[in-house]
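Work through the following exercises with the model open. Each one gives a task and then a solution in steps.

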Amino acid sequence: MPDQPIASVPIEKHDLGPEWEEAARLAAHNLGLTGEISELSPEHWQVVLASVEARMGLRGVALPPGWRRTLARQAGRLEPEDRPGARVAALRAKREEIAAQVALELGLGELGGLSPADRDLVDRQADETIAGCATPATEPADCSDADRTMRRLLSEHRALAELKADEADTRLAEEGEVFAPENDA
């Protein structure tokens, strides 16, 4: 089969419609968050984004590449994670919170006081918990037995990971690469 030329995609930055910001405001209100959405903590903003994604999906709206960043910009959020490496640091910090929760659940106490062997055990268990309860896992584990705190931490970790993936897709689109998520290898 002959090679197909790669089509160049013009780079245009579109704003999202007002229904996106309204969905974010409504999500924040329904979650009991007060104040302006531009002032929400990063953790609360991630939960609002997950809710907006679900709401727009229920409406049958296709999620455009970079929608999270565009919505943040339109909502007036100054995202500190726009700095290089900040998203990776946020993801690592969330993983560390999960590890701390795992240590408590295993009855090992605080992370700082663990022996190297116990810390290795906690790290392996945290990685398995994250991988097993991730949405795209091939055979997701039953995470219903996780306590409320662990479910929240896993949800926040997943939102940060998806945000990082969304940024990568946006960067590829801005560079003119045409791709389909189902073809990712």
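**Exercise 1. Find the residues that Gln 74 touches, leaving out those up to four places away in sequence, and classify Gln 74 as buried or exposed.**

Solution. The structure is a predicted model.

Step 1. Outside that sequence window, Gln 74 touches Asp 15, Leu 16 and Glu 21.

Step 2. Gln 74 belongs to helix H3.

Step 3. Buried means under 20% relative accessible area. Gln 74 has 19% relative accessibility, so Gln 74 counts as buried.

Step 4. Along the chain, Gln 74 and Trp 20 are 54 residues apart, while their C-alpha atoms are separated by 9.4 Å.

**Exercise 2. Determine how many residues of H3 are buried, and name them.**

Solution.

Step 1. The count is 6 of 8 residues, and H3 is thus mostly covered.

Step 2. The buried residues of H3 are Trp 67, Arg 68, Thr 70, Leu 71, Ala 72 and Gln 74.

Step 3. After H3 comes Gly 76, which has a positive phi near 80°.

**Exercise 3. Describe how H1 and H3 pack: what are the angle and the axis separation, and which residues make the contact?**

Solution.

Step 1. The packing angle is about 80°, and the axes of H1 and H3 lie 10 Å apart.

Step 2. Angles from 65 to 115 degrees count as roughly perpendicular. H1 is therefore roughly perpendicular to H3.

Step 3. On the H1 side the contact is made by Trp 20, Glu 21 and Ala 24, and on the H3 side by Trp 67, Leu 71 and Gln 74.

**Exercise 4. Count the aromatic pairs and give the geometry.**

Solution.

Step 1. A pair of aromatic rings is described by the distance of the centres and the angle of the planes.

Step 2. The count comes to 1 aromatic pair. Trp 20 and Trp 67 form this pair, with 5.5 Å centre to centre and 45° between the planes.

Step 3. Planes under 30 degrees apart count as stacked and over 60 as edge-to-face, the rest being tilted. The pair of Trp 20 and Trp 67 is tilted.

Step 4. The pair links distant parts of the chain, as Trp 20 is in helix H1 and Trp 67 in helix H3, 47 residues apart.

Step 5. Trp 20 has 3% relative accessibility and so counts as buried. Trp 67 has 2% and so counts as buried too.

**Exercise 5. Identify the largest nonpolar core and the helices that supply it.**

Solution.

Step 1. The largest nonpolar core has 18 residues, and those with the most contacts inside it are Trp 45, Val 48, Val 52 and Leu 71.

Step 2. At least two residues of this core come from each of helix H1 (18–30), helix H2 (42–58) and helix H3 (67–74).

Step 3. Val 52 shows the connections: beyond four places in sequence, Val 52 touches Trp 20, Ala 23, Ala 24, Trp 67 and Leu 71.

Step 4. Another core, of 13 residues, lies apart from this one, and Val 102, Leu 114, Cys 133 and Met 150 are among its members.

**Exercise 6. Characterise Arg 55: in which helix is it placed, and what is it in contact with?**

Solution.

Step 1. Arg 55 is placed in helix H2.

Step 2. The relative accessibility of Arg 55 is 23%, so Arg 55 counts as partly exposed.

Step 3. Without its neighbours within four places in sequence, Arg 55 is in contact with Ala 23, Leu 26, Ala 27 and Asn 30.

Step 4. The C-alpha atoms of Arg 55 and Trp 20 are separated by 9.4 Å, with their positions 35 residues apart along the chain.

**Exercise 7. Check the span of H5 and locate Val 122.**

Solution.

Step 1. The expected span is 1.5 Å times one less than the number of residues. For the 17 residues of H5 the span should therefore be 24 Å, and the end C-alpha atoms are 24 Å apart, which agrees.

Step 2. Val 122 is in helix H5 (residues 116–132). Its relative accessible area is 0%, so Val 122 is buried.

Step 3. Beyond four places in sequence, Val 122 is in contact with Ala 99, Val 102, Ala 103, Leu 106, Leu 108, Leu 111 and Leu 114.

Step 4. The buried residues of H5 are Val 122, Asp 123, Ala 126, Thr 129, Ile 130 and Gly 132.

Methods:
Residues are numbered from 1 along each chain as its sequence is written. This is a predicted model: local features need pLDDT of at least 70, side-chain atom pairs count only at pLDDT 80 or more; totals for chains, interfaces and linings use all residues. Side-chain values use heavy atoms; hydrogens and water are left out. A nonpolar core is a set of buried Ala, Val, Leu, Ile, Met, Phe, Trp, Tyr and Cys residues joined through side-chain atoms within 4.5 Å. Buried means under 20% relative accessible area, exposed over 50%, partly exposed in between (1.4 Å probe, protein chains only). Helices (H or I, at least four residues) and strands (E, at least two) are DSSP runs, numbered from the N terminus. Contact means heavy atoms within 4.5 Å. Rings of Phe, Tyr and Trp (its six-membered ring) pair if their centres lie within 6.5 Å; planes under 30 degrees apart count as stacked, over 60 as edge-to-face and the rest as tilted. Axes are lines fitted to C-alpha atoms, for helices over the stretch in contact, and angles run from 0 to 180 degrees between N-to-C directions. Angles under 35 degrees count as roughly parallel, over 145 as roughly antiparallel, 65 to 115 as roughly perpendicular and the rest as oblique.
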